[in-house]
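Work through the exercises below with the sequence and the model in view. Each task is followed by a solution in steps.

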Amino acid sequence: MNRLYISHNEVKSSQLKILLPIVFMFLSVLFVFSFTFPNRTTAIFYVSIIIFSVGLIYISQINSSKTNKNLFVLLSFLLLAFILGFRDLSGIDDPIYLQIFNLANGRSLVEYINSTDEELGFKVLNYIIYRITNGNYYICQIVFAVIPIAIFYRTFQKYSDFISFPLAIFILVTTVYFQILSVALVRIFIAMAIFLYSIENIWLKKPFKFMLIILTASLFHISALFWLILIPFAINFNINNKKKYLIVYYSIILIFIPIALFIVSKYLVPILGVKYSAYIFGNGEKINLLSFDIVPIIILGLFLERYIPNKYKQQYKVFLIILTFSPIVTIYSSLINFGRLSLYSNLARIVIFSMTYRFIPKEKPTLKYGFGSFVLCYCFLYMYRTQMTIFMENLFPYYNKFFII
């Protein structure tokens, strides 16, 4: 009877496995035909980027040769780096960054640092690139594209024991990458990548290393400093002691965050300049039902946690905690403008989705491939609603240094 049951599950699993490619193809066609010409051509191009970047990672995972594995990962990385790095100043913030870059002309490093309000690490790297390249901004743009994408890929490789690497790249591209491409969020993209890289130090209980990496991230975007509030978890993170965990969690929400806000607004903002004063003291965000769109994802994550092996419960719990900060940040943003802090916490979606899909057992094929189909639908809809339509004029057509499509 058991053998018959297993055979039945194997047949059902092999039948449902084809569901994901079918759903992906359907969503891709639906996405493309939601645009009219000539934008439809650009939409096909963007879908092709998704297919090749994810497909190359998938091929790397099924390839037994380590050399070939690394080659396919490298090709996937180079594709995303090329599209982002060689954009022809098409992002919203690109003209601003070009202007900041050109401020290095005729200035010493100290003079350049004092000439703009951006973070120290960003300014120093800008200045070095300007001097080395004799003011070639495209090389600067390539460098600032390569750094974060390389860190993301390296992080996913490190986490590959407990996530689906191809699915992680798919979620990164559809929920983050095109927003960066359209808005040119150069500094925070680097900070986000470094932040995600640092997270393993929480469950490894290395608070000092976690702090150093977050401080490094803050050299590119000051908002990264907010995540120092996670240090208590890195000091003593124990998911089995729920009482201690809840005490730490609610202490951060109700005590540490308000104190941090007070310190930032009273002592840090005055020395950061007018730009950051506008961030902190600008009008707070208006809250509505859509502001809490991440809550159903958190509930789903809690429900599906049962399928995560005990060996990786710590990792899953860490990312679930980070994801819960998204609605918390939204609530506080009604009082003080937090800028783009939720971009950090929403990165946890990548790990939670790809981790859950990996560990839902094949013996439950309906749940596994049903969940996979849900992730595909969610990401395509998210990409369309929050990036392709809102930033259409910066994404359609796509302007590259070498071509326009």
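## Exercise 1: a leucine at a helix end

L304 has a relative accessibility of 3%, so it counts as buried. The model used here and in the other exercises is a predicted one.

Task: find the helix in which L304 is located, and list the residues that L304 is in contact with, leaving aside neighbours within four places in sequence.

Solution.
- Step 1. L304 belongs to helix α16, which covers residues 295-304.
- Step 2. With neighbours within four places in sequence left aside, the contacts of L304 are Y316, T356, L367 and F371.
- Step 3. I360 is 56 residues away from L304 along the chain, yet the two C-alpha atoms are separated by 8.3 Å.
- Step 4. For the chain, take the contacts with a separation of 6 or more: 74% of them are between residues 24 or more positions apart.

## Exercise 2: the make-up of the chain

Task: state how many helices and strands the chain has, and what share of its residues counts as buried.

Solution.
- Step 1. The chain holds 21 helices and zero strands.
- Step 2. It has 405 residues, and 51% of them count as buried.
- Step 3. A loop residue can serve as an example: T116 lies between α6 (109-114) and α7 (120-133). Its relative accessibility is 13%, below the 20% cut-off, so T116 counts as buried.
- Step 4. Beyond its neighbours within four places in sequence, T116 is in contact with I100, L103 and K123.

## Exercise 3: the length and bend of α9

Task: compare the expected span of helix α9 with the distance between its end C-alpha atoms, then locate its kink.

Solution.
- Step 1. Helix α9 runs over residues 165-183, which is 19 residues.
- Step 2. At 1.5 Å a residue the expected span is 27 Å, and the end C-alpha atoms are 26 Å apart, so the two values agree.
- Step 3. A kink of about 45° in α9 is centred on V173.
- Step 4. As for covering, 19 of the 19 residues of α9 are buried.
- Step 5. Just after α9 comes A184, with a positive phi of about 65°.

## Exercise 4: two helix pairs

Task: decide how α2 and α3 are oriented to each other, and do likewise for α10 and α12.

Solution.
- Step 1. Helix α2 (residues 19-33) packs on helix α3 (residues 39-62) at about 155°, and their axes are 8 Å apart.
- Step 2. Angles over 145 degrees count as roughly antiparallel, so α2 and α3 are roughly antiparallel. Their crossing is right-handed.
- Step 3. The contact involves F24, S28, F31, V32 and F33 from α2, and R40, A43, I44, V47, I50 and I51 from α3.
- Step 4. For α10 (residues 186-198) and α12 (residues 207-218), the axes come within 8 Å and cross at roughly 175°. Therefore α10 is roughly antiparallel to α12.
- Step 5. On the α10 side, A191, I194, F195, Y197 and S198 meet F210, I213, I214, T216 and A217 of α12.

## Exercise 5: backbone angles

Task: give the omega values of the peptide bonds from F37 to P38 and from F396 to P397, and the phi values of L89 and N134.

Solution.
- Step 1. Most residues other than glycine have a negative phi, and most peptide bonds are trans.
- Step 2. The F37 to P38 bond is cis, with omega near 5°; P38 is in the loop between α2 and α3.
- Step 3. The F396 to P397 bond is cis, with omega near -5°.
- Step 4. L89 has a positive phi of about 50° and is partly exposed at 31% relative accessibility.
- Step 5. N134 has a positive phi near 60° and is exposed, with a relative accessible area of 72%.

Key. Residues are numbered from 1 along each chain as its sequence is written. This is a predicted model: local features need pLDDT of at least 70, side-chain atom pairs count only at pLDDT 80 or more; totals for chains, interfaces and linings use all residues. Side-chain values use heavy atoms; hydrogens and water are left out. Helices (H or I, at least four residues) and strands (E, at least two) are DSSP runs, numbered from the N terminus. The expected span of a helix is 1.5 Å times one less than its number of residues. The bend at a residue is the angle between axes fitted to the seven residues ending there and the seven starting there. Buried means under 20% relative accessible area, exposed over 50%, partly exposed in between (1.4 Å probe, protein chains only). Axes are lines fitted to C-alpha atoms, for helices over the stretch in contact, and angles run from 0 to 180 degrees between N-to-C directions. Angles under 35 degrees count as roughly parallel, over 145 as roughly antiparallel, 65 to 115 as roughly perpendicular and the rest as oblique. A crossing is left-handed if the near helix is turned anticlockwise from the far one by less than a right angle, and right-handed if clockwise. Contact means heavy atoms within 4.5 Å.
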